[in-house]
Amino acid sequence: MLKYWFLGGVAATLAFFLTPLVATWAARLGAVDEPNERRVHAGRIPSLGGLAVLIAFLGALALGLIIDRLAISVFWGQTLPWVWLLGGALVVTACGTVDDIWPLGPLPKLAFQLVGGAMVVAGGFGITVVTNPLTGGSIALGWLGIPFTLLWVVGITNAFNLIDGLDGLAAGVALIAGGTLFVISLAAGRLEVALLAVTLAGALAGFLYHNFNPASVFLGDSGSLLLGYLLSVLSIQASQKGATAVVIVVPILALGLPIMDTLLTMLRRLLGALRVVRWDGERNAYRFLVGRASVFRPDRQHIHHRLLAMGLTQRHAVLLLYGVCIGLGVLAFLAVRARGSDFALLIGLVALATYLGIRKLAYQEVEVLRRGTLLPLFELPMLSRRGFHALVDAGFVAAAYAGSVLIANGPSLEAGARMRLAYSLLLVVAVKLGTFFLAGVYERAYRYTNAADMIAVGKALLLAQGASTLTVAVLYGLPHPAVVMLMLDFYLSATLVMGARLSFKILEVMARAPAGQEARPVLIYGAGLTGTALLRELNQNPDLGYKVVGFLDDRPALSGCRVNGVPVLGGSDALARILDNHTIWEIVIASPDIGAERVAGVAAACRARAIKLRRFRMALEEVETATLLEDEASPPVRRATGS
């Protein structure tokens, strides 16, 4: 163990003394980070810190190989592969250095990264077989191993480039990842990986002294690309069980934070630039709505930026992310030991923590349902055509019937049973669709489905189930067990057919006011029929910009209950307390049965707090047809204007 401490200490010492010299040299060359709208630092900070890390890393390795015979014996016979790796590190570092001085475009940088990835493959580090963590078996990738390796190397390299946004963040994350890989490689008996990992971690520890907030030098692209490149290879080598078999979950967990930030960045930018088709009835044409966000446009919405927006300081945000990386490193080590149900539990915990973390960061781009992004699709004329509805139902009916037969009888059917399933499937689809047509299901619009429509569709489903069951039983006989199959068939078909018709209502309920529009909190007085009608109107028209906070109702039985998902906060006697505890901009009187005395009390409370008071009425107005015809027939009157 002493040799590992020696290598790490030598690398840390070299990086500690070299970093100020490199920073001075970078300032003379003009390799400095200027403050702008995307940067969080205030002054001009020299970069090229990656050169100090690389020199310390290579210097410590060279010294260790000279004076430590054990280190020589570890690398003896494996010199050529590691030369390829270190050569690739020089290539990506040179690319980053040039980019720090003279900014390069994304394509030249990608080309250099692909060259580095090709050198990884040439050195024999390509991933050709991965281990299934649940079964322990091997999955051969074949020729896919080459693009898989290139994707992994280039992806991790860019991931560290993306998270290099706060003082000490990328260097600290790489330090923790290096320490994690050191422990994992020791446990796996990969001594050469352990030597490289501890040397890299030592170099980062010496550099981090100058890079932690307030930083006097930055890694720059020369450093972030170097760290991503080295860790991408060390992560897959540390957990190898054989020559090329890799438990792929272990490196994913060890490098979890940069991977998570990269995937989340790609997802939210894609969703932000999502194209939505809307039918323009006036122009009788499709109109494309394109999000403002660009997939390749840099922004200040990375995980560390969101933490700063939540009120954390740079130091606190970086320390919090350090803690996340340490937790993921512990999980990566446990994943090496876990098997079967323990591994599944581990993955479940990681998935749950990831989901909760994304929810806490409050990214609006990933809330597709909450933003109502999919609602314009229901305006397409195709969705109102009966033929399209029948085609969708045919797919649902076929899937439900085939699924119920396979579940009831098992997936392995004899050849004769498969033929009967195919013929009876066509018959079931034809009979059920015919029943739907006769029952008038396709005379009802998807978008405006209500309770009466659902009852009618439910009756049609029962009739269709009976007709199809009788027809199949007479011609082919029912498969065994018939009762289970029939129950599953009805349940699945009803869920799919009725769920499709309720989809617009579900999406509409989940949607909130459009992004960028401030919804005005409103209180509805009266939770009866008129009040719920007003609630539906406001929910179905988010462009009005209202958000219903709750109902005000004088019936004691409704106090504390929810009406259409909105709470009844109390009666008019509790209005002062309600207004003090909730932010209310407007109150709308919806019930026509509220007495004048109570309306006057509500008006007084609104005046005292500068809250608008409105009254909602539903009315039918008669149109004078004779007057309307006269107005349309009379020629337009020209009016003279003058000064």
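The axes of helix α8 (residues 191-211) and helix α9 (residues 220-238) come within 10 Å and cross at roughly 150°. Here axes are lines fitted to C-alpha atoms, for helices over the stretch in contact, and angles run from 0 to 180 degrees between N-to-C directions. Helices (H or I, at least four residues) and strands (E, at least two) are DSSP runs, numbered from the N terminus. The crossing of α8 and α9 is left-handed, a term used if the near helix is turned anticlockwise from the far one by less than a right angle.

This is a predicted model, in which local features need pLDDT of at least 70 and side-chain atom pairs count only at pLDDT 80 or more, while totals for chains, interfaces and linings use all residues. Residues are numbered from 1 along each chain as its sequence is written, and side-chain values use heavy atoms, with hydrogens and water left out.

**The helix contact and the nonpolar cores**

On the α8 side, the contact is made by Val-193, Leu-196, Ala-197, Leu-200 and Leu-204. Helix α9 contributes Leu-227, Leu-230, Leu-231, Leu-234, Gln-237 and Ala-238. Contact means heavy atoms within 4.5 Å. Apart from neighbours within four places in sequence, Leu-200 touches Val-53, Phe-57, Leu-227, Leu-230, Leu-231 and Leu-234.

Leu-200 also belongs to the largest nonpolar core, which has 80 residues. Such a core is a set of buried Ala, Val, Leu, Ile, Met, Phe, Trp, Tyr and Cys residues joined through side-chain atoms within 4.5 Å. Buried means under 20% relative accessible area, exposed over 50%, and partly exposed in between (1.4 Å probe, protein chains only). The residues with the most contacts inside the largest core are Val-53, Leu-200 and Tyr-229. Helix α8 gives the most to this core, with 11 residues. A second, separate core of 22 residues includes Ala-390, Tyr-401, Ala-408 and Val-472.

**The open sheet**

An open sheet of 6 strands follows the order β10-β11-β9-β8-β12-β13, with mixed pairing. Two strands pair if DSSP finds at least two bridges between them. At the edges stand β10 (562-563) and β13 (612-615), each of which pairs on one side only.

Strand β9 (residues 546-552) runs parallel to strand β11 (residues 566-570), and 2 bridges join them. Leu-552 stands opposite Gly-570 in β11, and the bridge partner of Phe-551 is Val-568. Helix α20 (residues 529-540) packs on the sheet, touching β8 (520-525), β9, β10, β11 and β12 (586-589), and its direction makes about 165° with that of β9. Helix α22 (residues 596-609) also packs on the sheet, where it touches β8, β12 and β13, and its direction makes about 150° with that of β13.

The pairing of β10 and β11 is antiparallel, over 2 bridges, with Val-563 and Val-566 as bridge partners. These strands form a hairpin with 2 residues between them, and Asn-564 in the turn has a positive phi of about 55°. Because 4 of its 5 residues are buried, β11 is largely enclosed by the rest of the structure.

**Salt bridges**

The count comes to 10 salt bridges, each a side-chain nitrogen of Lys or Arg within 4 Å of a carboxyl oxygen of Asp or Glu. Three of these pairs are listed below.

| Acidic residue | Basic residue | Closest N to O |
|---|---|---|
| Asp-393 | Arg-501 | 2.8 Å |
| Asp-554 | Arg-598 | 2.7 Å |
| Glu-586 | Arg-614 | 2.7 Å |

Asp-393 lies in helix α16 (residues 386-409) and Arg-501 in helix α19 (residues 482-510), so this pair ties together parts that are 108 residues apart in sequence. Both Asp-393 and Arg-501 are buried.

The pair of Asp-554 and Arg-598 links distant parts of the chain, 44 residues apart: Asp-554 is in the loop between β9 and β10, and Arg-598 is in helix α22. Asp-554 is partly exposed, with a relative accessible area of 25%, and Arg-598 is partly exposed at 44%.

Glu-586 lies in strand β12 and Arg-614 in strand β13, so their salt bridge ties together parts that are 28 residues apart in sequence. Glu-586 counts as buried at 3% relative accessibility, whereas Arg-614 counts as partly exposed at 38%. Elsewhere, salt bridges that share partners join Asp-99, Lys-109 and Asp-221 into one network.
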